[in-house]
Amino acid sequence: MAQHFLISPAARTLTLRQVFGMTEELAYERFRKLRWPDTEGAPVCPACGSHEHWTLVENRKWKCQRKDCRIQFTVTSRTIFSSRKMAYRDLLAAIALTVNGVLGTAAGRMIREMGFAYKTAFVLAHKLREAMSIDYDQQLEGVVEIDGAFIGNRRHRLPNRRVDDDEAFEAWKKKNPKVTTSIVAIRERTHDDPERRPKVRMFHVPKEGDGVPIARRIVKRGTVMHADEGTQWGPLEMYFDTKRIDHSKSYSDGIACTNGVESVFSRLRCGERGVYRYFTKAYAERYGWEMAWREEYRRVDNGSQVDILIGSALRSRTSRMAGYWQRHKPANDLFDPIAA
C-alpha cells in the first residue's frame with residue numbers, strides 16, 4: 001500500500017523549529033524576495049512600478065523617485081500585511097502554523113501556540129483566507145465538476161430530535177438564519193500535464209442555482225461539465241457539454257461523476273465540525289476559500305505552501321479585515337465574532 005503524501009518526508013520541508021531558529025533578518029529576507037521575485041528582492045514601487053527609489057531606512061524603507069509618485073513604501077505596503085506590528089519571524093511562524101493545519105487552524109489554537117491576542121489571531125487568519133482567493137479570476141478548463149452543499153446548520157445539533165425529523169430541522173433553520181447558508185464548489189479534474197495543478201473554487205451563494213452564472217464566468221467554453229440531476233443545474237446544458245449523474249441510483253455510472261467535488265465538501269465539513277465548530281453567513285465564503293486552497297495544494301510540501309501563501313498575501317491589496325475590531329466593538333469579553 002502506497003504511503004500517504006502527508007506522512008511522507010516529501011511533505012515536510014519547513015518546521016516550526018526551523019522558523020524559530022531563524023533570525024529576524026532571515027525571515028525578513030524571505031518576505032522581501034517573495035514580494036519582488038522578478039527583481040530578486042530589489043524594491044519596486046507598489047504604486048507606479050518604478051525601480052528608481054531613495055533608501056530611507058537601510059534595507060527596510062524606500063521612497064519612489066518619480067515626481068508624480070514619491071510615496072514611501074516597505075515590503076508590506078499596500079498588502080494585507082500593511083501597518084503590521086508583528087515581527088516577520090512571528091508572522092512567518094503563524095503562516096506556517098496555518099498551513100500545517102490540514103483541516104484548518106483555529107484562532108484559539110494560534111493564541112495558545114503563538115501567544116497572540118485573540119483579536120490578532122482572528123484577523124490574521126481571515127486576512128490569510130483573503131490571500132487564498134487572489135487567483136479566483138483564473139478560468140477553469142478541461143473536465144470540471146460542480147455541486148452545492150448546505151453548511152453551517154447541522155442536523156446533529158438538533159436537541160432531543162431524531163436526525164431524520166425533517167419538520168423539526170426546517171423549523172430550526174428558520175429560527176437560526178445566521179447559520180444557514182449554501183456553498184457552491186467548482187473543481188477541475190486531474191490534467192494530463194503533471195505541472196498543471198487542478199484548480200478548486202468555492203463561492204457562497206443564496207441558493208445553489210446561483211452557481212450557474214458563476215460557472216459561466218470562470219469556466220471556459222468547450223469545457224465538459226459534470227453535475228448531479230438537481231434541477232438547478234439544468235441551465236448548464238445550454239452553455240457546456242454537461243454530463244449528469246442521478247445520485248439516487250449511483251455515484252458514478254461510467255459517464256458522469258461528481259466524486260471529485262464531493263471530496264472538497266468532505267474536507268469542508270470535517271473542518272466545520274472538527275476545527276471551527278460551524279460557519280456563519282458572514283464568514284462562510286472565507287472558509288470556503290481556505291478549504292478550496294487546501295484541496296488544491298494538498299500534494300505540495302508545506303514549505304512551498306508557506307511561500308505560495310506569503311506570495312499571494314503580498315500580491316493582495318489592503319484587506320477588508322483592516323480595522324475590523326474598530327467596526328465590531330465587543331459588548332463584553334464573551335463576545336464571539338464567529339457566532340455573531
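Tutor: A helix is a DSSP run of H or I with at least four residues, and the helices are numbered from the N terminus. In this predicted model, Ser312 belongs to helix H10 in that sense.

Student: How many helices and strands does the secondary structure of the chain hold?

Tutor: The chain comes to 11 helices and 8 strands. Of its 340 residues, 48% are buried, and among contacts with a separation of 6 or more, 64% are between residues 24 or more positions apart.

Student: Why is Ser312 called buried?

Tutor: The cut-off for buried is under 20% relative accessible area, and Ser312 has 6%, so this residue is classed as buried. Once its neighbours within four places in sequence are set aside, Ser312 is in contact with Ala131 and Ile134.

Student: Is Ser133 buried or exposed, and what makes it so?

Tutor: Its relative accessible area is 15%, and because buried means under 20%, Ser133 counts as buried. Ser133 sits in the loop that joins H5 to strand E4 (143-151). From C-alpha to C-alpha, Ser133 and Ala292 are 8.9 Å apart in space, although 159 residues separate them in sequence.

Student: What makes the arrangement of H5 and H10 roughly perpendicular?

Tutor: The axes of H5 and helix H10 (residues 302-315) come within 8 Å and cross at roughly 90°. The class of roughly perpendicular covers 65 to 115 degrees, and H5 is therefore placed roughly perpendicular to H10. On the H5 side the contact is made by Leu128, Ala131 and Met132, and on the H10 side by Leu309, Ser312 and Ala313. By class, those residues are 5 nonpolar, 1 polar and no charged.

Student: Why, then, are H5 and H9 given the class they have?

Tutor: Helix H5 (residues 118-132) packs against helix H9 (residues 281-296) at an angle of about 60°, and their axes are 8 Å apart. Angles under 35 degrees are roughly parallel, those over 145 roughly antiparallel, those from 65 to 115 roughly perpendicular, and the rest oblique; H5 and H9 are therefore oblique to each other. Their crossing is left-handed. H5 contributes Phe122, His126, Arg129, Glu130 and Met132 to the contact, while H9 contributes Tyr283, Arg286, Tyr287, Trp289, Glu290 and Trp293. In this contact of H5 with H9 there are 6 nonpolar, 1 polar and 4 charged residues.

Student: How do you know which strands stand at the edges of the sheet that contains E6 and E8?

Tutor: This open sheet of 5 strands has the order E6-E5-E4-E7-E8 and mixed pairing. Strand E6 (200-205) and strand E8 (241-245) each have a single partner strand, so one side of each lacks a neighbour in the sheet, and that puts both at the edges. From one strand to the next, the twist averages 25°.

Student: What makes the pairing of this sheet mixed?

Tutor: Strands count as paired if DSSP finds at least two bridges between them. Strand E7 (residues 224-228) is joined to E8 by 5 bridges and the two run parallel, whereas E5 and E6 run antiparallel and are joined by 6 bridges. As for registration, Val224 stands opposite Asp241 in E8, and Val184 is opposite Phe203 in E6.

Student: Why is E6 described as largely enclosed by the rest of the structure?

Tutor: Of the 6 residues of E6, 5 are buried, so the strand is largely enclosed. Helix H7 (residues 211-218) lies across E4, strand E5 (181-188), E6 and E7, and runs at about 145° to E6. Helix H8 (residues 259-276) also packs on the sheet, where it touches E4, E5 and E6, and its direction makes about 30° with that of E4.

Student: What makes E1 and E2 a pair in the sheet?

Tutor: E1 and strand E2 (residues 61-64) are linked over 4 bridges in the antiparallel sense; a pair needs at least two, so the criterion is met. Trp54 stands opposite Lys63 in E2. The sheet is an open one of 3 strands, ordered E1-E2-E3 with antiparallel pairing, and strand E1 (53-57) and strand E3 (72-73) are its edges, because each has a single partner strand and one side without a neighbour in the sheet.

Conventions
Residues are numbered from 1 along each chain as its sequence is written. This is a predicted model: local features need pLDDT of at least 70, side-chain atom pairs count only at pLDDT 80 or more; totals for chains, interfaces and linings use all residues. Side-chain values use heavy atoms; hydrogens and water are left out. Axes are lines fitted to C-alpha atoms, for helices over the stretch in contact, and angles run from 0 to 180 degrees between N-to-C directions. A crossing is left-handed if the near helix is turned anticlockwise from the far one by less than a right angle, and right-handed if clockwise. Contact means heavy atoms within 4.5 Å. Ala, Val, Leu, Ile, Met, Phe, Trp, Tyr, Cys and Pro count as nonpolar, Asp, Glu, Lys and Arg as charged, and the others, Gly among them, as polar. Buried means under 20% relative accessible area, exposed over 50%, partly exposed in between (1.4 Å probe, protein chains only).
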